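Welcome to a short guided tour, best taken with your viewer open beside this page. Load the model, show it as a cartoon, and we will move from stop to stop.

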Amino acid sequence: CVLIIAYLAKMEAVLKVLGGSIMVRLLLAVLTVLVVYALGKLASHYWRMHQTFRGLPYHPNIHWLWGHAHLFFGDRDDSLKHMIECTKLYPKSHVLYLGHLFGVLFVHHPDTARAYFGSEPKLDVFYYPLMPWLGDSLLTGSGPKWYRTRHLLTPAFHFDILKPYVKVYCECVDILLEKWSKVGRDDTVELFQSCSMLTLDVMLRCTCGYESSCQTAKKHDPYIT
């Protein structure tokens, strides 16, 4: 309400400067409608997000504007220490607010993860932030549509079908561990590239039957960006 009142006062001042022609008034009216609509959408999103995360713990050091984002403005090591601290303070789960319009739920315990992932209907507390990105998909959906899709896909991922690939997973992981074993005690390891190469190696072996040397090759693989 305060923002709307301030905006209307500003528009009144603009009208005095530009004059009161019909075209100017029409443009200002359209602009006012757009601003009110945008503020309404933000207010609706704010209310739904806080209703979704209501009752869940969050770190008390929260900024009035930035939320918890200010805790990650510094060095990466400090950000990692903060996440470790939150894990110790809240061993089950906690919410991280980036500003006050976006929240992220961090799950730390398998029992909590089982409660969220195994719920039917699915809990908005976890899946709501994914909806704008994934839409009504197998991960976020529920009801008859989700059951039908899951019923069609389940046979392809049966344990008896996936069991032969366990050996492939182990062989690829052994290559990764062998590569990491050569790293010095005080050296750092770039995890993203190594894990991406591991994923690519597993995919090539399982889907194409091709044993590449992507994990040990020194040349950058074009499939990993």
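Of the contacts in the protein chain with a separation of 6 or more, 47% are between residues 24 or more positions apart. Please keep in mind that this is a predicted model. Across the chain's 225 residues, 24% count as buried.

**Stop one: the whole chain**

Colour by secondary structure and you should find ten helices and two strands. Following the sequence, the elements come in the pattern α-α-α-β-β-α-α-α-α-α-α-α.

**Stop two: helix α3**

Next, select residues 76–89, which form helix α3, and pick out glutamate 85 within this helix. Is glutamate 85 buried or partly exposed? With a relative accessibility of 38%, glutamate 85 counts as partly exposed. Now add histidine 59 to the selection: it sits 26 residues away from glutamate 85 along the chain, and the two C-alpha atoms are 9.6 Å apart.

**Stop three: strand β1**

Move on to strand β1, residues 93–98, where you will find serine 93. Serine 93 has 7% relative accessibility and therefore counts as buried. Which residues does serine 93 contact, once neighbours within four places in sequence are left aside? Show Pro57, Leu105, Phe106, Val107, His108, Thr112 and Tyr116 as sticks, and you have them.

**Stop four: helices α9 and α10**

Two packed helices are described by the angle between their axes and the distance between the axes. Select residues 166–181 for α9 and residues 191–207 for α10; their axes come within 10 Å and cross at roughly 150 degrees. Angles over 145 degrees count as roughly antiparallel, so that is how α9 and α10 run relative to each other. Their crossing is right-handed.

To see the contact itself, show side chains on both helices. From α9, the residues taking part are Val168, Tyr169, Glu171, Cys172, Val173, Ile175, Leu176, Lys179 and Trp180. From α10, they are Leu191, Ser194, Leu198, Asp201, Val202, Arg205 and Cys206. Colouring this contact by class gives eleven nonpolar, one polar and four charged residues.

**Stop five: aspartate 201**

Stay in helix α10 and centre on aspartate 201. Is aspartate 201 buried or exposed? Its relative accessibility is 0%, so aspartate 201 counts as buried. Beyond neighbours within four places in sequence, aspartate 201 is in contact with Cys172, Ile175, Ser212, Cys214 and Gln215. Cys172 and Ile175 also belong to the α9 side of the helix contact you have just viewed.

**Last stop: the cysteines**

Finally, select the cysteines. A disulfide is a covalent bond between the sulfur atoms of two cysteines. How many disulfides does a search of the whole structure find? The search turns up zero. For a pair to look at, try cysteine 86, which counts as buried at 0% relative accessibility, and cysteine 195, which counts as partly exposed at 35%.

Methods
Residues are numbered from 1 along each chain as its sequence is written. This is a predicted model: local features need pLDDT of at least 70, side-chain atom pairs count only at pLDDT 80 or more; totals for chains, interfaces and linings use all residues. Side-chain values use heavy atoms; hydrogens and water are left out. Axes are lines fitted to C-alpha atoms, for helices over the stretch in contact, and angles run from 0 to 180 degrees between N-to-C directions. Helices (H or I, at least four residues) and strands (E, at least two) are DSSP runs, numbered from the N terminus. Angles under 35 degrees count as roughly parallel, over 145 as roughly antiparallel, 65 to 115 as roughly perpendicular and the rest as oblique. A crossing is left-handed if the near helix is turned anticlockwise from the far one by less than a right angle, and right-handed if clockwise. Contact means heavy atoms within 4.5 Å. Ala, Val, Leu, Ile, Met, Phe, Trp, Tyr, Cys and Pro count as nonpolar, Asp, Glu, Lys and Arg as charged, and the others, Gly among them, as polar. A disulfide is a pair of cysteine sulfur atoms within 2.5 Å. Buried means under 20% relative accessible area, exposed over 50%, partly exposed in between (1.4 Å probe, protein chains only).
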